[in-house]
Amino acid sequence: MDFRHQLTTAAGVASVNADALLVVVIGNKVPSDLPAALSKALQAAIKQGDLALEGGRCLYVGQVPGVKAPRVAFAVAGDATPRAVRSALALGLAQFKGLGSKQLAVWLSGGGTLTEAHAEALATAGGDAVYLYRYTKPSAGPGSKLSRATLLCTRADEAAVAYGLKRGAAIVAGVTLAREVANRPGNHCTPSQLAEHAEELARTMKLKVEVLGRKEIEKLGMGAFLAVAQGSDEPPRFIVLRYNGAADSDAPVVLVGKGITFDTGGISIKPAAEMDEMKFDMGGAASVLGTFRAVAQLKARVNLIGLIPTCENMPSGRAVKPGDVVKSLSGKTVEILNTDAEGRLILCDALSYAERFKPRVVIDIATLTGACVVALGHHRSGLFTPHDALAEALARAGDAALDPCWRMPVDAEYDDALKSNFADMANVGPRAGGAITAAMFLKRFTDKLRWAHLDVAGTAWRSGAQKGATGRPVGLLTHYVLAQAQGGAA
Ligand code: BES
Ligand code: MN
Ligand code: ZN
């Protein structure tokens, strides 16, 4: 979908040339900046009891006398916050689903000044409205006809709207890539195929990419990563992506994505129910690809490195067993008490590998623990870091992107849970505080780094009727990386 803006006056909205017009009514009064024809239609709908001016309500009214666009819908936002406006946009866009309109004009009415965030909200709502997974489902059909959304704005708001749409379009491209990759089933997204996605992205966006195979991973000494990979017939891959948007002397931001293309649990096998969802266990990796897509599209002045350890976690005659002790790239030994706690094993070696880039910051993104879903549900990702300024910067980026996270503790007291009689540490602790002990495990490999961990187990995909990848946290990461490019200290 293409996003544009068009200058208009409030009165000019009625004569805008488009297949469809979506009016987002902000607040609980009929706005004074509505042209007479639209105001009349809105008041009639309210009077008839077809629409109430409450956030979350919307109405398709079709043709309106005096309005040039042949289809009109209203959607109500409770207030002018980007969050409320985005939900209204999502509802409003759904009104045009299945209709013939190709170009949609959008007018945000009654909210005063339009900001970058409002424009970005239109882009992300639009991207969500038209995304359709069809790679292994040809019967899904051709998808939405909507190919353009135009945000109507006044001269005073133009600069902010133009930039917000540009940033939003880049995030949509990144989110769409992340969703598409993460949605592909395990037999269509093996570690080698995930590496091919990275190579294709590198070709189209002119990035550098290196893909290491089993021999090279062995040579490096990534014993923890290899222990997970050894149970599978699919060979592991270690993907290194680079985007150079700043001087070579500029320390890079490193993103590390968990790339388990299917997590059976290994010998500590998972129950059958919902195991299919473990194809999404490479959502962290997919979000790294998506963030590269967005950042490269925006030509951000920053250096970015992406590290993706990717393999399957399978039971087999060669699989790692509970109690096995392996040596990580850091030299530290790990007793693998539970083979289902595999994410941290592949990530710890990638974190050690990150040291060689002398990064300004390292962020790992992982569908790491069911415990994080219990703690935070599906709204906020878990954020773990000992660095306060970094925590604030990531929380701010998440809020700005409407892709929020919530800080969790990493007190030294939690670290005791990982004691082992047979190795430097165990890979699991007791059930209680499981998302935190997972973070504490990773933290042991980050002494030389400014590091944060995002547990996206609850946010990277949806279950149930809407089952599918969300593309989160591409929005959060893109906002964070852009803030770095603008010289943010954290
Ligand atoms: N990929 C899972 C985490 C997960 C589970 C994400 C359910 C979303 C929903 C991870 O590899 C895992 O299996 N973690 C275990 C850790 C446990 C063995 C300490 C878990 O959360 O049960
Ligand atoms: Mn697991
Ligand atoms: Zn996993």
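A residue is counted as buried when its relative accessible area is under 20%. In this predicted model, Pro 359 has a relative accessibility of 18% and therefore counts as buried. Pro 359 is located in the loop that runs between α9 and β14, the latter spanning residues 361-366. Beyond its neighbours within four places in sequence, Pro 359 makes contact with Ala 251, Pro 252, Val 254, Ala 354 and Leu 449. The C-alpha atoms of Pro 359 and Asp 424 are 26 Å apart in space, with a separation of 65 residues in sequence.

The metal site is considered next. The manganese ion (ligand 2) is coordinated at 2.0 to 2.2 Å by side-chain oxygen (OD) of Asp 263, by both O and OD of Asp 340, and by OE of Glu 342. Along the sequence, these donor residues follow the spacing D-x76-D-x1-E. The pair formed by Asp 263 and Asp 340 links distant parts of the chain, 77 residues apart: Asp 263 belongs to strand β10 (residues 259-263), whereas Asp 340 is in the loop between β13 (333-336) and α9 (343-354).

The manganese ion (ligand 2) has six donor atoms, and the angles among them range from 70 to 167 degrees. The geometry of the site is irregular. For reference, ideal angles for six octahedral donors are 90 or 180 degrees. A second metal is also involved, as Asp 263 bridges the manganese ion (ligand 2) and the zinc ion (ligand 3). The two ions lie 3.2 Å apart.

The two aspartates fall into separate accessibility classes. Asp 263 has a relative accessible area of 3%, under the 20% limit, and is therefore buried. Asp 340, by contrast, has a relative accessible area of 21% and is partly exposed, because this value lies between the limits of 20% and 50%.

Ligand 1 is surrounded by 16 residues, the closest of which are Asp 263, Lys 270, Asp 340, Glu 342 and Gly 370. Asp 263, Asp 340 and Glu 342 also supply donors to the manganese ion (ligand 2). Polar atoms of the protein approach ligand 1 at several points. A nitrogen atom of ligand 1 lies 2.9 Å from a polar side-chain atom of Asp 281. An N or O atom in the side chain of Glu 342 is 2.8 Å from an oxygen atom of ligand 1, and a backbone N or O atom of Gly 370 lies 2.7 Å from an oxygen atom of the ligand. Of the 510 Å² of accessible area that ligand 1 has on its own, the protein covers 76%.

Technical notes
Residues are numbered from 1 along each chain as its sequence is written. Chains are lettered from A and ligands numbered from 1 in the order in which they are written. This is a predicted model: local features need pLDDT of at least 70, side-chain atom pairs count only at pLDDT 80 or more; totals for chains, interfaces and linings use all residues. Side-chain values use heavy atoms; hydrogens and water are left out. Donors are N, O and S atoms within 2.8 Å of the metal (3.2 Å for Na, K and Ca); water is not among the atoms, so sites may look incomplete. Four donors count as tetrahedral if all angles lie between 85 and 135 degrees; four count as square planar and six as octahedral if opposite donors are over 155 degrees apart and all others between 65 and 115; anything else is irregular. Helices (H or I, at least four residues) and strands (E, at least two) are DSSP runs, numbered from the N terminus. Buried means under 20% relative accessible area, exposed over 50%, partly exposed in between (1.4 Å probe, protein chains only). A residue is near a molecule or strand if one of its heavy atoms lies within 4 Å of it. A polar contact is a pair of N or O atoms within 3.5 Å; within protein, one must be able to donate a hydrogen and the other to accept it, and residues adjacent in sequence count only if both atoms are side-chain atoms. Accessible areas come from the Shrake-Rupley method with a 1.4 Å probe; for residues, only the protein chains shown count as cover. Contact means heavy atoms within 4.5 Å.
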